[in-house]
Each structure stands twice: as C-alpha cells, then as structure tokens.
Amino acid sequence: MTIGRRGRRIRRFRNHVLLTSILMVATPATAFAATAATDDPPANAGPGSDILVTGKRDKQPTPTDTQTGAFRNQALVDTPLTVTVIDHLLLQEQDARGLDDALRNVAGITQQGNSPLTANSYAARGVVANPRTNFRLNGALPIINYLPIPIENKERVEALNGVSALYYGFTSPSVIVNLVTKRAGRDPVTDVRLDTDIEGTYGAGVDIGRSFGSAAQFGLRVNGYAAHLETPIDGVHGYRWLTSAAFDVRPTDRLSLQFDVEHYERKMAEPGSVLLPNPVGAVKGIGGTITLPPYPNPHNRYAPTDAAYFGRVTNGLARLDYKIADGWSVDVEGGVARLHRSRWIVDVNPTDLVSGAATLVGYVSPSEDFGNDSVRAEVTGTITTGIVRQEILAGYAANHLRESAIATSSFTGASNFYHPPAVPTSALTFTPKSAAFVQYTDDNGFYLMDTANVGKLLTLIGGARQSSFRVEKVGTTPFRLDKLSPMAAVLLHPVAHTSLYASYVEGLESAGTAPLTAANAGAVLPPLVSRQKELGFKIEDTGAVASIAYFDIDRPSSYVDATNVFVSDGRARFRGVEASFQGTIVPDLTGALSWQFLDAKQVKTSVPAQNGRHFINAPRYAGSLFLAYRPHWLSGAEVNGGVYYTGSRSDDLQDRVFLPGYATVSMGAAYHLKAFDGHAMTIRVTADNLLDKVYWATGGETHLYVGTPRTVRLSLATAF
C-alpha cells in the first residue's frame, strides 16, 4: 500500500493547493463585494438561496409545520408524534451533501450494515427502516433507498419517528423520512454552486426557479448537479449526478396540479468491510465470547480492484388538488419509483492478527431491479358544530412493490488485514449462491381520521386503517393479511403555542426477506403487528421550537438466529425519551439539539440467552448539538460547529460484543456577501470528523465499516 499512501499524499497536497487557490481568488472579490453590501437582501434570493446576512438582523426562521403523512401542513405543536424538520437553512449551514448529513441531526439514527459511501441503511429507535416503504417523496411516493439519496433538489428533510401505519400502511416502526422538493416561488431563483474537497472531489450544480403566466399560474424549478467523487480510502472513488424538475400549475383558484420527476445515478468503488468474528466457545450458537478486531487503518481498501456499487434511480410523482367547497377538497396523487443496481459485498476476515493474514469473503449481485407504483385519493374537510371544529381525512392508498434479481455468486480470496494488496477479480474463487427470484408485494388500505378541536384547549384525534397486505415470491405460497389498525390521540393546549399529548398507534410491517448471507436466503416471512404509545410536550416560541417525548414500542423480532436462519421469534421492546430544540438561542446564535435515551430489549424469545438482552445497533444514548454564530458586528460572517454522539451499542443478540461509543466534531465558516450588481455569493469551508476519530460507523449485521476520516470541503455558491 506504499504507492497508495504516496498517491494519497500527492492528491492531498494537490487539493491543498486547489483549495488555497480558490480562497485566494475569492477573498479579494469578497472584500470588494462586502463594501457594496446594503441593508436589503437582493430581490432574486429565492427559497433555495443561501442565507444572506446583511446589516439588517432578523431572527432566524425556524420550521414550524410538517409535510408528512396524515399531518401534512399541520403545525408541529399540533402533531401528537415526534417529528424533526431539517430545513434548507440548516442544510446549507452544515453544507450537507447527502441524506446522511441531514439525518445526523436526528438523535438515535444509526447506520445499518452497508458502507455509507455506497448505500444508506438506517435504524431509528433501534428499529431498521424499511428501504422500500419508509422513505417518501413529498409525503407520498415510497422511493427506494438502495442508493444514497441526493438532496441538492430538496427544500427540507423530515423525520417522523415511530409507528405510522394509518397513512403509510406497511412500514417498519422506525422512522418515516420525507424529502420535500424545491418549488418555484414568488421570486425568481438562479443559483450556481461549485464545490471541492481536500481528497479531490469536484462538483457543480445549478438551481433555477421561475413563475410565469399572466397571473403567475405556472411554476418551474429545475435542478442539476454532477460530481467526481474521491474519498480518504485508497482507490475508492466514483461519480454521481442528478437532474430534476418540479412543475406547478394553478389554472383556477380551486384547482392546482404538481408534477415532480428526478433521476440520479451513482457509481462508487466498494471499500470492503471487516467481518465480525464468530463466537469462541459457543455451543450450538449459544454462549461463548466475541472479540472485536482492532480498528483497521481507515484508509485501507479491502475490496477487489474492480468491485463497485452502481445504481440509477428514476422517481416521478403527480398530484391534483381540487377545492370542492369552502373547507373541503379532493386530492389525488400517483407516482412511480424505479431503481436498478449492481453491487459487491466484500468482507475481510482476519485469520492471524499478528501477521495480518486474512481471507476475503462476500458475494456479487450483478443486476437487481426494484419498482414501486403508488396511488392515493383522499377527501379532507371541516365541520363546525358550536365550539367543536372537526377536521376529516378519508382516503384510499395502494402500493405495488416488485423486485427481481439474476443469480448471485459468492466468492473467496486472500488478503491482509494490515496491508491489503490489490486483488483483481481473477484472483477470486466464485461459487453460485442463489438463483434468480421475483417478488411482488401489494399494500392496499382505506383510512379515516377525525381531528376534533374543542375550543382552543383540547384536541381529540381518532382514526383507523383497514389494510390488505399480500406478498408473493414467485414459486412459493403467498402470504396475505387483512388488519384494522387503530390510532388515537389527545392533545391539551394549556397556553398558546404549547401542547401536551398522548397517542396510541398500531401498525403493520413486513417481516422482511432473509438476507443472502442467511441459510434460508430469500425466504419471505409473514407480516408483523407493532404497537406504540407516546407521551410528549411541545412548545413553539418566536424563532424556536422544542419537544420532549416518552415512547414505548412493542413489536415482533426478526433476525438471523444462531443457526444462521432468518426467523421471526419473540418480541422486541423499545422504550425511551427523545428531546429536541431548533431555533434562536440568543441574538446572533442559533442551534439545533437532539438527544435520545433508549432501552431496547428482547423478550419472550425461544432462546433464553437472548431474553433481556439488548437489541442490536440500538445505542442507549445518542445526541447531537449544532450551533451557528453570526456576529452582528461583522456583517456577512458565520462560524458554526457541531458534535454528533452515538453511544455504545450491542452488535450481537446475546450481548457478546459491543461497539464502542464515539463522537465526531464538525466545524465550519462562511461569508455571505452581495456584489455591487446585487448578485449574492456565499463562500463556505466545512470540516467533518475534525479530530480524525476512528470508529465503527455501522452495526446491526456482521459487516463492520470503519468511519470516514477527517474531510475538509469548500463550496462557492452564487445567486444571479
């Protein structure tokens, strides 16, 4: 690896020069433009523009509503569940490049099993988020999260924690991640962005928004982005690109239509992971001890030289809203999501920690296709009787999911844990592992929710969903389940802009398909029923929102047991407390805080050694703190910093091994300026994992990926 390290040093030196050169060019322009700044923001600073800090100091806007599910357009303080909103201002402050960067602001979300560089898989409240159903576009379309989701065209990211069956049907009681796209607004937007980092990444993007027509009844927002990607890991590089459009039509005051389409593609070399050792001294998989291997050099790449993860995604969504009468409307929406991928899963298994001798194991899946088709129709309206104001939501939703793959192959090869050699594919031994398969899932449901506001003090919510779920793997007997899932909540508003609430929700979820590493690979298990209780308090003040909640989730367990068979067995209990704050702390200082305490235990399993043990990849403590300071005495300047903590978490169903807790630190600085011609410009420098912490980034499976080393990146954004 000497050549690789030398190449990395050369690349870093080259990009030090690149970063410095950009700053040298930008600084004189900054100084010149700053002298022309005025107290008024430019007229073309649209919703997608960066924050322009000028002589006039207004309080930082804070998101106070949600666009998720049955509570779409509802104030956060009136939502009887835990919702975190990461809006475009916070995303810009943190120079977020992907969904990972956004969700680190939500306590307790951990990476699950996959390399964060190639695919995102998350667990929240200790429960794995289903990549086929738990990620939504504009509160509706279930998009497929088998490829890192870009956010350049997103206005905000929302996280709804817990059970969400009433509106979304068969989803795991983890988190609903809703991505809201940028749309054309009143003011025109023409933004250009350039970015790079110390590893050699470089990218460019454009964001254009316009309203047009005699009465501005048409709106179009177009986004494009492309980048060459480099990483701190030797030989791990790739590319990604995105193009999207959001089109709005309002032909009359009663009728509006929205259309969204996005396509993105990404190819990244697979870095390879460290295989969690088998237990020593176990008897039929029970007992024994597991010793974590030492942290590898985070710059090491273990995967074969041509092993890569490739994917392309197309999502399309259309929505029609028609106002029937005052207070009543009909909404119809439908969409499609498509994903194609090819991937390698590569583990290095150290056999001698003295010499570093190791074997490579894993599998390659050369072609997999996934599709989601979704339609929804609903009626919303209000009925007022005396002091009681009822908000009615009634609808029908249908989702059809399908997946197919050609045969996969497993492989073995030789490597070294400390000094991995370059391993070509020809040096591996391949063995056919599984045949092609096709699987279909249908999730249909009618739902009804009544929100009764009794004066200003009391709100009662009741609802239910009648669901029909069917899953079939071609060549096997299909599973079918019909189930009524209730939901109830009560909210008290002791004073304005506050709420005390209690809620109960039942949900249905897919038990999942056995992973390719299991002895019953591809097996489909019957659906599961989960239940959640939550108590909480929320408050909204000028410039800030805060919440705290206690939750209790009870659900069946699905896991790969000691005999390497994927089973549904026993129950999993998740109890904890979540707290969050976002907004202005004092003048010039804003912040975003999240914190979670979680007690995740297995109960009533058929394996006594698992009862009372922790659920895997569920840290007992987790939290984040981000602060941004914009001194009024230095117009246009901003400094910020964040700490992101994940506590110790079990990585084994019998608590035989724990992954150590870790905290990463980020820091950034920006200068917002306005040139003499009114054009806006923002220069931003951000460092992630500033202290170069070495840690295990993923848990929950046998694949251990080490965290990304320190990165430093620079962006230059201009609004015309």
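Is D655 buried or exposed? In this predicted model, D655 is buried, with a relative accessible area of 18%. That value counts as buried because the cut-off is under 20% relative accessible area. The residue sits in the loop that links strand 33 (649–650) to strand 34 (658–659). Its backbone is notable on one count: D655 is not a glycine, yet its phi is positive, at about 60 degrees.

N689 also has a positive phi without being a glycine; the angle is near 50 degrees. N689 belongs to the loop between strand 36 (680–688) and strand 37 (698–699). This residue is buried, and its relative accessible area is 5%.

The chain as a whole comes next. It contains 4 helices and 39 strands. Of its 720 residues, 55% are buried. Contacts were considered for residue pairs with a separation of 6 or more. Within that set, 67% of the contacts join residues 24 or more positions apart. The exposed surface of the chain comes to about 28,200 Å². Carbon and sulfur atoms supply 63% of that area.

One sheet was examined strand by strand. It is open and is built from 5 strands, in the order 3-9-10-7-8. The pairing in this sheet is mixed. Strand 3 (83–87) and strand 8 (141–142) form the edges, and each of them pairs on one side only. Inside the order, strand 9 is followed by strand 10. Strand 9 covers residues 154–161, and strand 10 covers residues 175–181. These two strands run antiparallel and are joined by 7 bridges. Opposite A159 stands V177, a residue of strand 10.

A charged residue in a helix completes the account. D101 lies in helix 3, which spans residues 99–103. D101 is buried, but it has no salt bridge. Which side chain of opposite charge is nearest to D101? It is that of R713, 4.5 Å away. A salt bridge requires a distance within 4 Å, so the pair does not qualify. With residues up to four places away in sequence left aside, D101 touches Q94, D95 and A96.

Three residues thus stand out in the description. D655 and N689 are both buried. D655 lies in the loop after strand 33, and N689 lies in the loop after strand 36. D101, by contrast, lies in a helix and is buried without a salt bridge.

Note on methods:
Residues are numbered from 1 along each chain as its sequence is written. This is a predicted model: local features need pLDDT of at least 70, side-chain atom pairs count only at pLDDT 80 or more; totals for chains, interfaces and linings use all residues. Side-chain values use heavy atoms; hydrogens and water are left out. Buried means under 20% relative accessible area, exposed over 50%, partly exposed in between (1.4 Å probe, protein chains only). Lys and Arg count as positive and Asp and Glu as negative; His and the chain ends are not counted. Contact means heavy atoms within 4.5 Å. Two strands pair if DSSP finds at least two bridges between them. Accessible areas come from the Shrake-Rupley method with a 1.4 Å probe; for residues, only the protein chains shown count as cover.
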